[in-house]
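Student: I should like to go through this model with you, beginning with a local detail and then turning to the chains and their contact. Could we look at it together?

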Amino acid sequence: MNRPDPGLGLTLNGAPATLRGDPARRLSQALREDLGLTGTKIGCDAGDCGACTVLVDGRAVCACLTPVAQVAGRAVETVEGAGNAAVTRLRAAFLRHGAAQCGICTPGMLMAAAALLAEVPRPSRDQAEAALGGVLCRCTGYARIIAAVCDAWRDAPAAASPASGQAIGARMARLDGAAKVDGRAVFGADLWQPGGLLLKAVRSPHHRARFGLGDIAGWAAARAPAVAAVFTAADIPGRNIFGTIAPFADQPVLAEGQVRFRGEAVALVAFEDDGAEPDLADFPVTWAAGEPLLDPVLAEAAGAAQLHPHRPANLLTAGRVVRGDVGAALAGAAFAVAGRVETAFVEHAYIEPEAGAAWLEGDVLVIRACTQAPVMDRDETAAILGLPVARLRIIPSAVGGGFGSKLDLSLQPLLGLAVLKTGRPARMVYSRAESMASTTKRHPARIVARAGCDAAGRMVGFDFDGLFDTGAYASWGPTVANRVPVHATGPYRTPHVRARARAVHTNGPVSGAFRGFGVPQAAIMQEMLYDRLARAAGIDRLEFRILNALSDGDATATGQVLRSTGIRACLEALRAPWSRALAAAAAHNAQGGITRRGVGVASCWYGCGNTSLPNPSTIRIALNRTGRVVLYQGATEIGQGSDTVITQIAADALGLPVDAFDLIGPDTALTPDAGKTSASRQTFVTGRAAETAARALRAMILSHANLGDGAVLTSEAGAIRVAEPGAGGQRRIELSRLPADADGHVLVAEESYDPPTSALDADGQGVPYAVYGYGAQLAELEVDRALGTVRLLRITAAHDLGRVINPMLAEGQIEGGIAQGIGLALMEDYVPGRTENLHDYLIPTTGDVPPIDSILIEVPDPEGPGGGARGLGEHVLIPTAPAILNAIGDATGVVIDRVPVLPHRLRAAILAAEAAEAGGGGGGR
Amino acid sequence: MTAPARPDARPGDREPDPDRGAYLRPRDLGAALDCLARGPRLILAGGTDVYPGTGRQAPAGPILDLTAVDGLAGIGPVAGGLRVGALTRWADIAAADLPPALAALRQAAAEVGGRQIQNAGTLGGNLCNASPAADGVPPLLTVDAEIDLASARGLRRVPLADFLTGPRLTLRRDDEVMTGIFIPVAALSGRSRFVKLGARRYLVISIAMVAVRLVVEGGRIATAALAVGACSATTRRLPAVEAALFGAAPDRAAGLIHDAEVAAALSPLDDIRASAGYRAAAAAELLRRAVAALASDGAAAR
């Protein structure tokens, strides 16, 4: 009775194509799975993110919402298509403007923009924003994307690759850009071996429960051959515990008997990867849900149920920094203010849910997945699987956004377990809901603080106490507890400090690393207090900050004496925009009306690298017999630009152009450990290692040529020419005649760098970081007092990068960080069980990010590479939310005590402030 | 024309031919109705609500895809009014040449999701999905829209206000297809406006939304039609507030809309997007703004 499936005919990228199988299947799935067109990305399967945008008869649609039946007889275009002239122009413009960062939204952006350009070849900014309003980006802040779309009509030449010795400072296109705009970048979900297994986790629907597993073997047998195997905690060969900070590791890969948060995995089912729909219905698990602890205040109260037996009062850990006598200082302050603030869980919301594949190569288990920390993944997964690390190879895929959450293990041990147990290849792709429920979040914070200054406005003391909801397991909670007290004062001279932070367990989602490790939450409190203090002291709010800005020779709260301190330069760079903004706001407000404009400013500082802990990076660089330079680059590119920036640094240190370089890695089998992509450390730490290694290679070459360090290198086919300037010597090294190793390398250098730090004592005194980065941002906005809505008008961001390696990438980082700061301030509120999708969990769209002016400041740090570079990645997010909140305060007079400032919260605060004023409360602000 | 079951079929498998079997995509309305007469099916139009509602690669169960049926899409005059075909997509509504009374519908069409959703989603799908925050409903309530339902048993027409009976609940019977939305000519006079409030600029799920249609005769409001969505189980008209506007000068009408009267007509929820009290107050403010904008547009037009 079987009839042949005639399939559905369509035109795909200009050529006839046929789709077979279920006509109700999503077009996104059919394109990727049947036709191998993995350029179309799946971010949500719900039409909320637009990553899967394709054109059907020229109209942009979400392929995830389109049944294949509906494209029968129609023309479908994907990012892989070469025939769409608009797409070709857009690709070039995206490269030119640095509009692709991680690249996961890029195909959707390109296709949505192509539909616009077909109608409007030279769109306005408003038209571009509207046309792209349905595609979410989490990296770029949209500014470069919008600029590229508006500029795509222009026949501008691609920027030339910088000449030898001129890479640092060059606005060069990112090295991974071409693959990203062509849809060729291979993300976690884009590569798998056919005929393997498709893994699905069984996860807890309860925040807290005991559970029992029933007749799993019977369940699996009844579903054979669709179900190939089921794994539980009992199957884990090694240690069923992981956690990024070894002494605190506490999280099971597969739970044993009880679950502590909603989304925790209890079993892993391996389905045959044959296109059939995996079905976990009726999986034999029974839940006995318990009353969850979801409030950290209740969790640390006496008598609260304990999540982990060895952690009384649910305290994971606490950090403190104490200097001087803050009590006396505040008692004697001319002006003192106190405040409190509460923040929410924030979801990383990268557009790429966790995904990867694994297979065996001989007796080596290979896991290829999205990650920020390949070596940590290897070491932790090996321990879980009971493997020596030599038998485990981690290959990071292209990473569609990380922001901290992909530092932790997610599906790596699950993939490894299935492959080890079955000997078969496997893949796993988290659904959006699974990604949001099961991976880490930004810590919600409840902060109380006091600050005081003298009559002249000089800070005398700052007292800070933060309770951080660290969720069910440790993850990076200890780092947050330690980083926050160190940074709590902000980049301001503060003689008397008491800063305490504690990480407390609840049955909420695991709080981990998220761009800034708790410092953004702390900065919200500190910077709001600074505004109130400045007003109390009668000093302009920006000048108050400049007055107190840390300078060279000042000691921080940890007693570290600073050098090359850039915060004052950042704040001073805002003076002109500040005056203009204040005048513009005053002019608007003088007209009366329902809207009020406000201006706010806030600063950041942030230590680059681990807090008082070693975090070396090692880079290998080789000269091939072909004349090419091979950079073994183990730092994971997650969109922030490390592939490009580290190569720029190495190129100038070596003295050859970036064009002469080939990159290998990251790959734990091929590249030395360049550490994790976190803590804003890659440009600084790995950049410094790359610089040192490249200099070492240069020295080898010069030694070979017997010429001095002033010599100029030129790469030629099979040779290096070395010439001293002027009438000096000249040599041509015939590389093909020199002995080479198995990889064809003639000369190889490998160097490490570990930032010099010292341990912190019981009062938090010491040198936690070798290098800090600084910044300050100014927000201008308009509040609709009747509706409580906020419209951002402009953000001006001044950041000290020490030395700007690539201004285009730096600006992209600033814009992207600001977009996340906007979300933190105004809309992002993750509620477990309620907002596990990108429909209810709101992140900024194209229309929510205002024009951003970036001011790049260079106060070189002697420790930094390339002439003094500092980190930037996390700094850029920190000032945004407090600057916005201060601008809201400026506009309305309200004191914000909870973020995000959703419209109903702001409206309630405005009403309360009006009532207080009407009641004659006075008091000023 | 039921397709024979394949002997080796597994649950969830469907016939691959889109014109037969578990996935039907007929070109003829009669065939669609015949098929529903044989048993209920999931009705699929633009897919923008159906697919997000399933965690699966494809929705479960038999499907009737209406997107190929002749005559279900498009906007045009009919006896006594205007008909919008149920399968008319948002993008086509936004681009249509419609009378000023339907400006609110066009404005709503331009704010449903992003362009991708507007290019796929249909007005009929929006109404049948019956979300309390359905963008199509407030504009259509202000033009007294009626719903045409067809089945193998015949045709019937019901007011939209009656059609929507609760969150995700309508009067549509399992064997019925919504074929179109009828707008009586009497309601096509005047000018209208739609305002939607959310916590971000695009892809907004409403905290509150309103549509207002005003007919001004001799400098006085002769008809005021006000509807508020996302603030009750179903979108509501506000007869008491409308009555208060009757006979008013347009430029003074906004001042006649009071929070308490608006709130009395609504039953908003407290949820993660907003508090109930805020929703009601915001709805009143949005109504005032919509009315004021119509009044000033009207003044400018004169």
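**Helices, chains and contacts**

Tutor: Directly after H14(A), A:Gly538 adopts a positive phi of about 70°. Please keep in mind that this is a predicted model.

Student: How many residues does helix H14 of chain A have, and what does it reach from first C-alpha to last?

Tutor: Helix H14 covers residues 519-537 of chain A, which is 19 residues. From its first C-alpha to its last it reaches 26 Å, close to the 27 Å expected at 1.5 Å a residue.

Student: Is H14(A) mostly covered or mostly uncovered?

Tutor: H14(A) is mostly covered, with 17 of its 19 residues buried.

Student: And which residue takes a positive phi just after H22(A)?

Tutor: That residue is A:Gly893, with a phi of about 85°. Helix H22 itself runs over residues 880-892 of chain A. Its 13 residues should span 18 Å at 1.5 Å a residue, and the end C-alpha atoms are 18 Å apart, so the two values agree.

Student: How many residues of H22(A) are buried?

Tutor: The count is 13 of 13, so H22(A) is mostly covered under the cut-off of 20 or more other C-beta atoms within 10 Å.

Student: Let us step back. How many helices and strands are there in chain A?

Tutor: Chain A has 23 helices and 33 strands. Its C-alpha trace spans about 85 × 85 × 60 Å along the principal axes. Of its 925 residues, 64% count as buried.

Student: What radius of gyration does chain A have, against that of a compact globule?

Tutor: The radius of gyration of chain A is 28 Å. A compact globule with 925 residues would have one near 29 Å, which agrees.

Student: What share of the contacts in chain A comes from residues 24 or more positions apart?

Tutor: Among contacts in chain A with a separation of 6 or more, such residues account for 79%.

Student: Now the same survey for chain B, please. How many helices and strands are there?

Tutor: Chain B contains eleven helices and 14 strands. Its C-alpha atoms fill a box of roughly 70 × 45 × 30 Å along the principal axes. Its radius of gyration is 20 Å, which agrees with the value near 19 Å for a compact globule of 302 residues. Buried residues make up 55% of the chain B total. For contacts in chain B with a separation of 6 or more, 62% join residues 24 or more positions apart.

Student: How many residues does each chain give to the contact between chain A and chain B?

Tutor: Chain B gives 44 residues and chain A gives 54. On the side of chain B, the elements giving two or more residues are strand E3 (63-65), helix H4 (115-120) and helix H11 (276-301). H4(B) supplies the largest share of that side, five residues. By class, the chain B side divides into 23 nonpolar, eleven polar and ten charged residues.

Student: Which residues touch the most other members of the largest nonpolar core?

Tutor: They are A:Leu268, A:Leu415, B:Val210 and B:Ala283, in a core of 418 residues. H11(B) contributes the largest share of this core, twelve residues.

Student: What does A:Leu268 touch?

Tutor: Residues up to four places away in sequence aside, A:Leu268 touches A:Leu199, A:Ala201, A:Phe231, A:Leu254, A:Leu414, A:Leu417 and A:Ala418.

Student: Where are the domains of chain A?

Tutor: The domain assignment gives domain 1 (1-159), domain 2 (551-606 + 769-925) and domain 3 (617-753). The C-alpha centres of domains 2 and 3 of chain A lie 39 Å apart. Their contact takes 17 residues from domain 2 and 14 residues from domain 3. On the domain 2 side, helix H20 (807-826) and helix H21 (865-868) of chain A are the elements that give two or more residues. That side has seven nonpolar, eight polar and two charged residues.

Student: One last residue: why is A:Leu654 classed as buried?

Tutor: A:Leu654 is buried because 29 other C-beta atoms lie within 10 Å, and the cut-off is 20 or more. It is found in helix H18 (residues 642-654) of chain A. Its neighbours within four places in sequence aside, A:Leu654 is in contact with A:Val629, A:Ala694, A:Leu697 and A:Arg698. The C-alpha atoms of A:Leu654 and A:Thr692 are separated by 9.3 Å, with their positions 38 residues apart along the chain.

Notes
Residues numbered from 1 in each chain as written. Chains lettered and ligands numbered in written order. Predicted model: local features only at pLDDT ≥ 70, side-chain atom pairs only at ≥ 80, totals over all residues. Domains from an automatic or database assignment. Contact = placed C-beta atoms within 7 Å. Helix = DSSP H or I, 4+ residues; strand = E, 2+ residues; numbered from the N terminus. Nonpolar A, V, L, I, M, F, W, Y, C, P; charged D, E, K, R; others polar. Expected span 1.5 Å × (residues − 1). Buried ≥ 20, exposed ≤ 12 C-beta atoms within 10 Å, placed from the backbone. Core = buried A, V, L, I, M, F, W, Y, C linked by C-beta atoms within 7 Å. Rg over C-alpha atoms; globule rule 2.2 N^0.38 Å.
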